[in-house]
Amino acid sequence: MEKETFKVVLEQQKTIISEIREAAHQLHQSVNQTYGEGLPYGYHLDMVACNVSEYGHLVCINVADVLPLVFAGYFHDSIEDARQTYNDVMRTARNYMTEEQTVMATEIVYALTNEKGRSRDERAGEKYYAGIRTTPYAPFVKLCDRLANVAYSCSDADHFNVRMKTVYKDELPHFLQAIDPHSDDPRFGVPKQMIEMIDHCLTE
């Protein structure tokens with residue numbers, strides 16, 4: 001999709017997007033989830049959604065897919081971290097989108113939900129990554145999430161996230177291989193520009 005077209009759709013849907021943003025912020029606030037050293041979790045959600053807005057045109061193929069992408073950016077952690085179920089996310093998404101869009105958005109959120117596990121490796125195992133690779137737009141939204149986390153870890157904002165910079169750097173080759181289905185379908189794309197941004201952050 002042309003970048004300008006994507007931006008026009010975002011502008012046309014800005015009222016709905018604002019409502020989606022507020023709902024996501026309130027959800028994570030309701031479970032007292034924070035980000036880094038005491039930031040509201042909405043800080044992270046906004047970073048992910050910003051990446052969706054900035055790079056979404058590189059993968060989006062239909063105007064109707066723009067809202068599901070934005071919704072998934074804001075709600076990507078809702079099942080994993082905010083006590084939501086698949087059906088809870090569906091019900092919320094229906095407030096803003098058609099049924100087809102709702103299913104698309106919810107499938108992305110579900111694909112980005114970690115498995116049960118005792119360690120980081122167990123929670124993000126092969127089954128998890130297979131789900132991402134086979135769900136339209138999930139590789140892209142996952143990359144938006146990782147770019148947001150990497151950017152924050154490189155900002156020297158707090159001690160824990162500085163430590164995570166090393167984790168993300170060590171994980172990067174496997175992570176990129178694991179989320180990329182190497183498909184000709186743009187909806188499964190892993191944009192080179194975003195990978196370059198991650199590389200730049202991690203090598204500074």
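The following questions and answers cover the pockets and two helices of this predicted model.

Residues are numbered from 1 along each chain as its sequence is written, and side-chain values use heavy atoms, without hydrogens and water. Local features need pLDDT of at least 70, side-chain atom pairs count only at pLDDT 80 or more, and totals for chains, interfaces and linings use all residues.

Trainee: Which element gives the most to the lining of the largest pocket?
Mentor: A pocket here is an open set of points on a 1 Å grid over the protein atoms alone, where a 1.4 Å probe fits, with protein on both sides within 12 Å along at least five of seven lines; lining residues have an atom within 4 Å of a point. The largest pocket is lined by 30 residues, with E80, N114, R120, N149 and Y168 nearest its centre. Elements giving two or more residues to this lining include β1 (34-35), α5 (78-81) and α10 (138-153). The most, eight residues, comes from α11.

Trainee: How many residues in the lining of the second largest pocket are charged?
Mentor: Asp, Glu, Lys and Arg count as charged; Ala, Val, Leu, Ile, Met, Phe, Trp, Tyr, Cys and Pro as nonpolar; the others, Gly among them, as polar. The lining includes E107, Y110, K127 and Y128, and α7 (99-111) and α9 each supply at least two of its residues. Its classes are three nonpolar, four polar and, for charged residues, three.

Trainee: At what angle do α9 and α10 pack?
Mentor: Y128, I132 and R133 in α9 meet A138, P139 and K142 in α10, where contact means heavy atoms within 4.5 Å. The residues of this contact are four nonpolar, no polar and two charged. Axes are lines fitted to C-alpha atoms over the stretch in contact, and angles run from 0 to 180 degrees between N-to-C directions. The axes are 7 Å apart and the angle is about 115°.

Trainee: Why are the buried residues of α9 on the same side?
Mentor: Buried means under 20% relative accessible area and exposed over 50%, with a 1.4 Å probe and protein chains only. The buried residues of α9 are Y128, Y129 and I132. Exposed E126 and K127 sit on the face turned away from that buried side. The buried residues lie on the same side of α9 because they cover an arc, taken from the directions from the helix axis to the C-beta atoms, of only 90°.

Trainee: Which residues are exposed on the other side of α1?
Mentor: In α1 (residues 3-12), F6, V9 and L10 are buried. They are on the same side of α1 because their arc around the axis is only 100°. Their cover includes α2 (14-30), α3 (42-55) and α4 (66-75). On the other side, the exposed residues are E4 and Q12.

Terms used
Helices (H or I, at least four residues) and strands (E, at least two) are DSSP runs, numbered from the N terminus.
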